Amino acid sequence: MSDTPGNQPEHGPDEDKAHTLQEAREDVLERSGAGAVGDYSDYLLVADEVKAGYIPEVNILNGCTLTLREGEVVGIIGPNGAGKSTLIKTIFGLLAVREGSIVLRGESIVNRSAHELVSSGVGYVPQTQNVFPTLTVEENLQMGVFLRPKTFTARFDVVAELFPLLAERRKQKAGALSGGERQMVAMGRALMMEPSVLLLDEPTAGLSPIFQDEVFQRVKQINATGVSVIMVEQNARRCLQICDRGYVLDQGRNAYTGSGRDLLDDPNVVELYLGTLAKAG
Ligand SMILES: Nc1ncnc2c1ncn2[C@@H]1O[C@H](COP(=O)(O)OP(=O)(O)OP(=O)(O)O)[C@@H](O)[C@H]1O
Ligand SMILES: [Mg+2]
């Protein structure tokens, strides 16, 4: 091997590896495809081959498919910019569906407004700006139930049982709370309407490991009360440990789908999406 600079690779081994990882991911996407969802009546919620985007003619979701059965926790993981938040927002009616279908309990909810979805039992906790910082904890929870104000007291008691901190801090401004506490307010607010489906977008992002763990435990508790959950997570391993099934999204498409355990045990998923290089790429 020559040691003249001209014969050296243009980039180092890590970059090479990152490059091959990118190519390997492209191959996976070529081959994977989500496959058609059979009978919609088997599922509480189905997003079937959905295309959506922000700018006309530019799709961010390129035919994404996701199903949720009654009682499940389903996790969505994938690299930054994969379209995870976009998928959740599209399900929640914040983005127009350009192609494909979204069905809740056998009924199309394509292009229904977020208000209508809340009334149909769908709760959504956005990735960012998910509390009103200048309002108190109690006022934030009141906002959650503004469609049914009379139920406030009864629902507050239920939600406070799950998150005792919300009762302790009820008169404090949400903006004065820590990130983890604010996340509890955001989840509590979504639960005020007694949803049957809860959409959580990165509920543990930016939290200390202890708070992250608490959030995962709360999600399991919420699920145990009969709420089916779709959660997007940056803490992919932990998410796959607690979810019933997981989806790996990449470039607005399904890369891998399986039980949380199967995905954790799949060397390709580990190499392409859970390794440190994969994260950096
Ligand atoms: N409001 C917007 N307008 C235009 N493009 C957007 C908008 N929001 C997101 N995008 C683009 O859509 C793509 C997918 O973004 P999305 O937020 O869904 O990714 P994500 O998988 O949630 O990523 P992250 O892990 O960083 O949260 C990205 O290329 C992003 O730049
Ligand atoms: Mg996101």
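Colleague: Which residues does N130 touch, not counting residues up to four places away in sequence?

Modeller: This is a predicted model, so the answer is computed from predicted coordinates. N130 sits in the loop between β6 (122-125) and α4 (137-144). Leaving out residues up to four places away in sequence, the residues that N130 touches are V125 and A186.

Colleague: Is N130 buried or exposed?

Modeller: A residue counts as buried if 20 or more other C-beta atoms lie within 10 Å of its own. N130 has 21 other C-beta atoms within 10 Å, so the class is buried.

Colleague: How far apart in space are N130 and L198?

Modeller: In sequence, N130 and L198 are 68 residues apart. From C-alpha to C-alpha, the separation of N130 and L198 in space is 14 Å.

Colleague: Which strands stand at the edges of the sheet of four strands?

Modeller: The four strands form an open sheet with antiparallel pairing, in the order β2-β1-β4-β5. Two of these strands have a single partner strand each, so one side of each is left without a neighbour in the sheet. The edge strands are β2 (61-68) and β5 (107-108).

Colleague: How many residues of β2 are buried?

Modeller: β2 has eight residues and is largely enclosed by the rest of the structure. That description holds because the number of buried residues in β2 is six.

Colleague: In β2, which residue is the bridge partner of V50?

Modeller: β1 and β2 run antiparallel and are joined by six bridges. In β2, V50 has as its bridge partner C64.

Colleague: And in β4, what is the bridge partner of D48?

Modeller: Strand β1 (residues 45-52) also pairs with strand β4 (residues 99-104), in the antiparallel sense and over five bridges. In β4, D48 is matched with S101.

Colleague: Which strands stand at the edges of the sheet of six strands?

Modeller: This open sheet has mixed pairing and the order β6-β7-β8-β3-β9-β10. Each edge strand has a single partner strand, so one side of each is left without a neighbour in the sheet. The strands at the edges are β6 and β10 (253-259).

Colleague: In β8, what is the bridge partner of L199?

Modeller: Strand β7 (residues 197-201) and strand β8 (residues 228-232) run parallel, joined by five bridges. In β8, L199 is partnered by I230.

Colleague: Which strands does helix α8 touch?

Modeller: Helix α8 (residues 209-224) packs on the sheet, and its direction makes about 155° with that of β8. The strands touched by α8 are β3 (73-77), β7 and β8.

Colleague: At what angle do the axes of α4 and α7 cross?

Modeller: Helix α7 (residues 179-191) lies across β6 and β7. α4 passes α7 in a right-handed crossing. The axes of α4 and α7 come within 7 Å, and the crossing angle is roughly 35°.

Colleague: Which residues of α7 make the contact with α4?

Modeller: By class, this contact has five nonpolar, three polar and one charged residues. From α4 come V137, N140, L141, M143 and G144. From α7 come V185, G188, R189 and A190.

Colleague: How many charged residues are in the shell around ligand 1?

Modeller: The residues surrounding ligand 1 are Y54, I60, G78, N80, G81, A82, G83, K84, S85, T86 and Q127. By class, the shell has three nonpolar and seven polar residues, and the number of charged residues is one.

Technical notes: Residues are numbered from 1 along each chain as its sequence is written. Chains are lettered from A and ligands numbered from 1 in the order in which they are written. This is a predicted model: local features need pLDDT of at least 70, side-chain atom pairs count only at pLDDT 80 or more; totals for chains, interfaces and linings use all residues. Helices (H or I, at least four residues) and strands (E, at least two) are DSSP runs, numbered from the N terminus. A residue is buried if 20 or more other C-beta atoms lie within 10 Å of its own, exposed if 12 or fewer, and partly exposed in between; C-beta atoms are placed from the backbone. Two residues are in contact if their C-beta atoms, placed from the backbone, lie within 7 Å. Two strands pair if DSSP finds at least two bridges between them. A residue is near a molecule or strand if its C-beta atom, placed from the backbone, lies within 6 Å of it. Ala, Val, Leu, Ile, Met, Phe, Trp, Tyr, Cys and Pro count as nonpolar, Asp, Glu, Lys and Arg as charged, and the others, Gly among them, as polar. Axes are lines fitted to C-alpha atoms, for helices over the stretch in contact, and angles run from 0 to 180 degrees between N-to-C directions. A crossing is left-handed if the near helix is turned anticlockwise from the far one by less than a right angle, and right-handed if clockwise.
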